[in-house]
Amino acid sequence: IKPDGTHECVVAMDPAAFPPDAIDEISNKLIHNQFVDSQAGTPNVVIKDGFLFGVADSLQFPDIGIAQKLNVSIHITNSNVQFLTVSVFDPGGIEHLLHDGDKKGTGTTLKTSYPDPTKQLAKDLTTWVGKNPKGQWTLKVVDSGSPAGGTDDGKIVAWSVDIQTLSSKKVQIKG
């Protein structure tokens, strides 16, 4: 209402000005379209000692939306993680070096996530932010510490690709 008592029509809220993840804010936290989804690889994969090509395990990440954050979580045991080299290959075939024991690492357990909180050594997984990470992800582990035919004492206990997404496929309603 103008000072002279007449009415003026204005656009109160322009829907185009809202970010795609604002649905929870405008619904008083009752509707959500942001999710953290995780796809796990095969558990307890044996790591062969001294095998030049290492061991690999793949998973298929489904088409669930656009990544806002992406982590690769690993839990690996070995007689000495200093001898392990760990990489993940993204759906584009790009190798991301996560752990190179010759440069870093001691002990018998490697349990962390990349790139947060542990920074990866080569390439950049954060390039997946803003993209759809659907497709095949492959973890590769090489144990160069023992000769081939050794005790094969290492294993990939668990690994996963964990993605916070802005979903274009689903919403969650609370209440």
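Welcome! Begin by selecting Pro-117, which lies in the loop between S8 and S9. Before going further, keep in mind that this is a predicted model.

**Stop 1: the loop between S8 and S9**

With Pro-117 still highlighted, add Asp-116: the peptide bond joining Asp-116 and Pro-117 is cis, with omega about 15°. Now step back along the chain to Tyr-114 and Pro-115, where you will find a cis peptide bond with omega about 0°. Pro-115 also belongs to the loop between S8 and S9.

Stay in this loop and select Lys-123, which is placed between S8 and S9 too. What is the sign of phi at Lys-123? Phi is positive there, about 70°, although Lys-123 is not a glycine. Its relative accessibility is 57%, so Lys-123 counts as exposed.

**Stop 2: a second positive phi**

Next, jump to Asn-44, in the loop between strand S2 (34–40) and S3. Asn-44 is not a glycine, yet it has a positive phi of about 55°. Is Asn-44 buried, partly exposed or exposed? With 45% relative accessibility, Asn-44 counts as partly exposed.

**Stop 3: the sheet**

Colour strands S4, S9, S6 and S7 in that order, and you have an open sheet of 4 strands with antiparallel pairing. Its edge strands are S4 (55–61) and S7 (95–100), each of which pairs on one side only. From one strand to the next, the twist averages 15°. As background, the strands of a sheet pair through backbone hydrogen bonds, either parallel or antiparallel.

Now show S6 (residues 84–89) together with S9 (residues 135–143). How many bridges join S6 to S9? There are 6 bridges, and the two strands run antiparallel. To look at one place along S9, select Thr-85 and find Val-142 in S9 standing opposite.

**Stop 4: the nonpolar core**

Switch on side chains for this stop. In soluble globular proteins, nonpolar side chains tend to be buried together. The largest nonpolar core here has 27 residues, and Trp-137 and Trp-159 are the ones with the most contacts inside it. Several strands supply at least two residues each, including S3 (45–47), S8 (109–114) and S10 (154–166). Which strand gives the largest share? That is S5, with 5 residues.

**Stop 5: aromatic pairs**

A pair of aromatic rings is described by the distance of the centres and the angle of the planes. A search of the whole structure finds 2 aromatic pairs.

Select Phe-51 and Phe-53 for an edge-to-face pair, 6.0 Å centre to centre with 70° between the planes. Phe-51 is partly exposed, at 35% relative accessibility, whereas Phe-53 is exposed, with a relative accessible area of 61%.

Then move to Trp-128 and Trp-137, whose ring centres are 5.4 Å apart with planes at 55°, so this pair is tilted. Trp-128 is buried, with a relative accessible area of 11%, and Trp-137 is buried as well, at 0%. You have already visited Trp-137 as one of the core residues with the most contacts.

**Stop 6: charges over rings**

Finally, return to Phe-51 and add Lys-48, whose charged end sits over the Phe-51 ring, 5.5 Å from its centre. For another such arrangement, select Lys-131: its charged end sits over the ring of Trp-128, 6.0 Å from the ring's centre.

Note on methods. Residues numbered from 1 in each chain as written. Predicted model: local features only at pLDDT ≥ 70, side-chain atom pairs only at ≥ 80, totals over all residues. Heavy atoms only, no water. Pairing = 2+ DSSP bridges. Axes fitted to C-alpha atoms, helices over the stretch in contact; angles between N-to-C directions. Core = buried A, V, L, I, M, F, W, Y, C linked by side-chain atoms within 4.5 Å. Buried < 20%, exposed > 50% of the residue type's maximum accessible area, 1.4 Å probe, protein only. Phe/Tyr/Trp six-rings, centres within 6.5 Å; stacked < 30°, edge-to-face > 60°. Lys NZ or Arg CZ within 6 Å of the ring centre and 35° of its normal.
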